[in-house]
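Please work through the exercises below with the sequence and the model at hand. Each task is followed by a solution in steps.

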Amino acid sequence: MTTLTHRTRRTEVSKSSEKKVESEEDTNQERSPDNEDPGDSKDIRLTLMEEVLLLGLKDKEGYTSFWNDCISSGLRGGILIELAMRGRIYLEPPTMRKKRLLDRKVLLKSDNPTGDVLLDETLKHIKATEPTETVQTWIELLTGETWNPFKLQYQLRNVRERIAKNLVEKGILTTEKQNFLLFDMTTHPVTNTTEKQRLVKKLQDSVLERWVNDPQRMDRRTLALLVLAHSSDVLENVFSCLTDDKYDVAMNRTKDLVELDPEVEGTKHNATEMIWAVLAAFNKS
């Protein structure tokens with residue numbers, strides 16, 4: 001869906017069963033935002049969608065790049081992963097006929113509200129849909145990319161604006177009006193630069209100082225954010241401030257990560273299948 005872009009520098013840089021599902025989702029619930037490591041307790045709690053949008057926003061201008069046509073589907077993928085990590089949805093167990101991640105349907109595990117409007121709206125759609133749909137189909141439906149007029153009701157509207165308003169309420173963004181000659185546009189410049197820099201630093205460290213070269217040993221939310229940032233084409237914003245050498249290392253390691261086979265990684269012990277299913281969906285797009 002999108003490719004990692006390397007800078008032009010002075011020197012050219014070369015470039016499973018029900019039990020398994022239940023166990024996986026119980027583990028994911030333990031890692032949900034309500035059960036983060038104590039070390040993060042002083043930080044503002046953000047959803048994956050809020051983090052992706054924050055990474056994509058221009059700090060002073062308060063809007064994402066007009067040329068970025070990937071972030072919309074990236075945000076919808078983030079919604080599915082967030083719901084899975086909160087123990088609300090999961091992938092149906094693999095069978096002889098449905099082994100691949102993209103063939104397996106998204107199933108409801110709990111319809112308890114999350115407190116987030118977008119997550120709860122998506123949860124209602126998943127609960128009400130028969131027959132059930134796959135991860136790739138849900139991303140298309142939530143984005144509005146469907147030829148079926150009866151499925152347009154599942155499109156999530158004004159997603160970026162709604163996420164931005166959440167970030168305004170959390171004190172990270174503000175709201176302004178900008179005039180673009182032919183029209184006025186609501187923008188959301190970053191006011192809490194400390195929080196954004198903390199997020200950027202966390203991703204930088206995950207592929208530099210704290211690199212483990214094994215996705216199963218990575219923090220699951222960090223792994224999910226790397227996958228989503230790549231798929232949403234906002235990863236360049238994370239690494240652009242690094243020195244040449246560190247930039248190349250960070251981009252190459254991320255490239256290696258997102259080019260892993262989701263089907264293989266999704267079957268490993270304690271793997272979060274939804275992360276790899278979303279990556280597989282983006283790779284196929």
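The exercises concern a helix crossing and several salt bridges.

This is a predicted model, in which local features need pLDDT of at least 70, side-chain atom pairs count only at pLDDT 80 or more, and totals for chains, interfaces and linings use all residues. Residues are numbered from 1 along each chain as its sequence is written, and side-chain values use heavy atoms, with hydrogens and water left out.

**Exercise 1.** Determine how helix 3 and helix 5 cross.

Step 1. The axes of helix 3 (residues 71-85) and helix 5 (residues 135-143) come within 9 Å and cross at roughly 125°.

Step 2. Helix 3 is therefore oblique to helix 5 (angles under 35 degrees count as roughly parallel, over 145 as roughly antiparallel, 65 to 115 as roughly perpendicular and the rest as oblique).

Step 3. Contact means heavy atoms within 4.5 Å; Ser72, Ser73, Arg76, Gly77 and Leu80 of helix 3 meet Val135, Trp138, Ile139, Leu142 and Thr143 of helix 5 in this way.

**Exercise 2.** Locate the salt bridge between Glu82 and Arg221 and describe its setting.

Step 1. A salt bridge is a side-chain nitrogen of Lys or Arg within 4 Å of a carboxyl oxygen of Asp or Glu; for Glu82 and Arg221 the N to O distance is 3.0 Å.

Step 2. Glu82 belongs to helix 3 and Arg221 to helix 8 (residues 220-231), 139 residues apart.

Step 3. Both Glu82 and Arg221 are buried (under 20% relative accessible area, with exposed over 50% and partly exposed in between, using a 1.4 Å probe and protein chains only).

**Exercise 3.** Which residues form the salt bridge that involves helix 12?

Step 1. Arg104 and Glu273 pair through their side chains at 3.0 Å, N to O.

Step 2. Glu273 lies in helix 12 (residues 273-284) and Arg104 in the loop between strand 1 (89-91) and strand 2 (106-108), so the pair ties together parts 169 residues apart in sequence.

How values were computed
Axes fitted to C-alpha atoms, helices over the stretch in contact; angles between N-to-C directions. Helix = DSSP H or I, 4+ residues; strand = E, 2+ residues; numbered from the N terminus.
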